[in-house]
Each structure stands twice: as C-alpha cells, then as structure tokens.
Amino acid sequence: MLTDAEKSRYSRQIRLFGEEGQEKLKETAVFIAGAGGLGSIVSIYMAAAGFGRIRIVDCDRVELSNLNRQVLHWSDDVGRNKVESALETLRGINPEIEVEALVETIAKDSIDRLLEGSDLIMDAMDNFPTRYLLNQAALRRGLPLFHGAISGLQGQAATIVPGRSACLKCIFPRAPPATTFPAFGATCGVIGSIQVTEAMKYVLGRGQLLQNRLLLWDGLSASMDEVVCERNPGCEACHEY
Amino acid sequence: MIIALPDGSRKEMAVENARIQDLLRDLGINPVEVIVAKNGRIVPEEEMAGCGDEIKVVRIVHGG
C-alpha cells in the first residue's frame with residue numbers, strides 16, 4: 001500500500017501506470033553494480049521513481065576526474081567512498097525508499113552474497129570481466145540484467161532475460177581490450193535512462209523490452225540504431241539455461 | 001557490398017563472397033574491438049558475406 005506522501009510524490013507516475021504499478025516498483029529490490037557515471041544516473045532515477053529497495057555497490061573512492069559525469073558525487077565528496085556519497089544523495093532524493101550502499105568488490109566469490117534478495121541487476125560497470133560475472137550470476141539466479149556501456153558520445157544498451165533472450169556473452173563473446181575510455185556525462189544520461197526505463201517496463205510488464213536487440217546511441221550524429229542479436233546455442237555462458 | 005563503419009562512414013566494396021574476419025582485416029579493424037551485423041543481425045566473424053549484403057561494424061564500448 002502506498003502512503004499519502006507516496007501517492008503525492010509519485011502522482012505524475014501514477015497517472016502513467018496507476019497505483020498498482022507504483023506499488024510494484026515499491027516492492028522491487030534492485031542491485032546496482034557500480035556508482036560511477038552510469039550508476040549515478042541509474043540510481044538517481046530509480047530512487048526518484050520509487051524502486052523500493054536499492055543496493056548499490058562500488059569499491060572506489062571519489063576522484064576529481066569523476067565529477068564531470070558521476071552526478072551522485074559532489075566536489076566536497078572527493079576522497080570519500082563513492083557509496084557513502086551515493087547513500088547521502090539517494091536518501092536526499094527519496095527518503096521513502098530503502099538504500100543500502102556497500103563498499104565491496106564484485107567478484108566471483110562475493111557476487112552471490114551481494115545479489116541475495118535482489119529482483120533485478122543493473123549493469124553500471126566499467127569493464128567486461130565484471131559484466132560477465134553479472135551475466136553468469138543473472139543466468140544462474142534467473143534474474144534480468146539491464147546492460148549499459150558508454151564511451152565518449154557513444155553508448156549501447158540491451159536487456160538480458162534468462163531463458164528468453166540472448167545473454168551478454170551471446171552478444172559479446174569476448175571482452176574488448178580494457179582502455180581508459182573518454183566519458184561525457186550526458187552520454188551516461190542517455191544510456192542510464194534507457195536502462196531504468198527497461199527495468200520499469202520489465203517490472204510492470206509493459207512495452208517491448210530490448211531483448212535480443214542491442215541499442216546503439218551515437219551522440220555525434222544524434223541517432224539511435226539497433227541490431228538484432230540471437231541466442232547462440234553454443235554459448236559457453238547460457239547454453240545450459 | 002555496403003559496409004557501415006564505426007565512425008559513421010559507409011564504404012562500398014566490390015566483394016563477391018568473403019569471410020567477415022577477412023573483411024575486417026582488409027579494413028584494418030581489430031576484430032576484438034568490434035561486433036559485426038549482417039543485414040541487421042549480429043553474426044560471428046566466420047560468417048560469409050556476399051555482394052548484396054549490408055555489413056555494420058559496431059565498436060564495442062565498455063565504459064560506465
């Protein structure tokens with residue numbers, strides 16, 4: 001049940017998907033992997049939208065060079081753990097929800113513990129090896145994974161639903177080389193917003209998800225494109241699911 | 001064959017039948033950095049492409 005304060009806070013969304021839809025968001029527990037550029041947009045919009053429980057995980061501290069895009073963190077936060085400033089920002093945005101912020105490394109031996117109790121996984125990582133861990137854990141636990149990645153003015157997004165769609169490894173069979181990537185905050189805004197919209201649609205059972213489709217954003221030409229991706233029957237990650 | 005490159009440019013190549021990995025090599029593109037779609041569908045780089053096909057080379061982004 002929504003309180004009167006929640007009905008007022010979410011009134012514009014309730015016009016969109018009713019109190020019933022808002023209650024579904026309230027009942028949803030979200031795992032956000034990373035409190036960087038994408039993690040900032042994803043967590044801020046999920047908190048504001050009223051996803052009821054948010055667990056955000058990051059092991060880094062805020063650096064000055066993060067602040068062009070990582071809007072969870074402000075100038076006075078430089079040197080603090082990212083999840084500390086994330087917790088403050090998210091609680092400030094929406095005190096009605098539960099936020100848990102953990103200084104942890106997402107690794108093979110920690111991921112199942114970190115995902116305990118979560119209903120969906122938001123990929124806000126900056127590297128493919130950890131994304132593959134999220135993908136494998138999503139498959140194992142039957143949880144949807146909302147993928148996003150950026151570099152400069154380009155970005156990509158896809159929704160992975162175990163058993164129903166291509167997995168991350170079907171789409172990207174091998175990791176691209178790790179490099180220091182250029183980053184523009186507004187690109188994180190585009191891709192992170194798409195990820196949150198996908199998560200909302202998944203929870204509410206609305207629209208067409210980015211399943212078996214990789215969405216491509218190019219800021220330079222201001223264009224979106226998509227390519228179809230199919231399950232690979234020989235995929236080493238998902239063939240048994 | 002029309003090839004859409006990651007920088008947004010398009011190139012026409014007079015190729016009868018070629019393996020995509022060979023096309024990438026001829027274009028000087030490191031296959032580890034990209035995925036390739038043939039006629040709108042992601043395909044493995046072992047796939048063959050012919051003169052009527054439209055190839056899109058997508059540079060994988062990994063940042064967050």
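**Salt bridges and a chain interface: a tutorial**

Biologist: Which residues are linked in a network of salt bridges?

Modeller: Asp77(A), Arg80(A), Glu84(A) and Glu88(A) are linked in such a network. A salt bridge here is a side-chain nitrogen of Lys or Arg within 4 Å of a carboxyl oxygen of Asp or Glu. Over all chains, this rule gives a count of 21 salt bridges.

Biologist: What should be known about the model and its numbering before reading on?

Modeller: The model is predicted: local features need pLDDT of at least 70, side-chain atom pairs count only at pLDDT 80 or more, and totals for chains, interfaces and linings use all residues. Residues are numbered from 1 along each chain as its sequence is written, chains are lettered from A and ligands numbered from 1 in the order in which they are written, and side-chain values use heavy atoms, with hydrogens and water left out.

Biologist: How many residues separate Lys26(A) and Glu6(A) along the chain?

Modeller: Lys26(A) and Glu6(A) form a salt bridge, N to O 2.9 Å. The two are 20 residues apart and link distant parts of the chain, with Lys26(A) in helix H2 (residues 11-26) and Glu6(A) in helix H1 (residues 4-9) of chain A. Helices (H or I, at least four residues) and strands (E, at least two) are DSSP runs, numbered from the N terminus.

Biologist: Is Glu6(A) buried or exposed?

Modeller: In general, buried means under 20% relative accessible area, exposed over 50%, and partly exposed in between (1.4 Å probe, protein chains only). Glu6(A) has a relative accessible area of 4%, so Glu6(A) is buried. Lys26(A), at 31%, counts as partly exposed.

Biologist: Where does Glu236(A) lie, and what is its salt-bridge partner?

Modeller: Glu236(A) lies in the segment after strand E8 (223-228) of chain A, while its partner Lys169(A) belongs to helix H7 (residues 168-171), 67 residues apart. The closest N and O atoms of this salt bridge are 3.7 Å apart. Lys169(A) counts as buried because its relative accessibility is 17%, whereas Glu236(A) is exposed at 62%. Between Glu236(A) and Pro173(A), 63 residues apart in sequence, the C-alpha to C-alpha distance is 8.9 Å.

Biologist: Which residue of chain B forms a salt bridge with Arg10(B)?

Modeller: That residue is Glu54(B), with the closest N and O atoms 3.1 Å apart. Glu54(B) is in strand E7 and Arg10(B) in strand E2 (residues 10-12) of chain B, 44 residues apart. Glu54(B) counts as partly exposed at 37% relative accessibility, and Arg10(B) as exposed at 54%.

Biologist: How many residues does each chain bring to the contact between chain B and chain A?

Modeller: Contact means heavy atoms within 4.5 Å. Chain B supplies 18 residues and chain A supplies 30 residues. Buried area is the accessible area (1.4 Å probe) that two parts lose on being put together, summed over both. The two chains bury about 1900 Å² between them, 59% of it on carbon and sulfur atoms. In chain B, Val61(B), His62(B) and Gly64(B) lose the most area to chain A, together 38% of what that side buries.

Biologist: How many salt bridges does the rule find across this interface?

Modeller: The rule finds 3 salt bridges across the interface of chain B and chain A. Lys56(B) and Asp225(A) meet through their side chains in a salt bridge, at 3.2 Å, N to O.

Biologist: Which strand gives the most to the side of chain B that touches chain A?

Modeller: Strand E4 (34-38), strand E5 (41-43) and strand E7 (54-59) of chain B each supply at least two residues of that side. E7(B) gives the most, with 3 residues.
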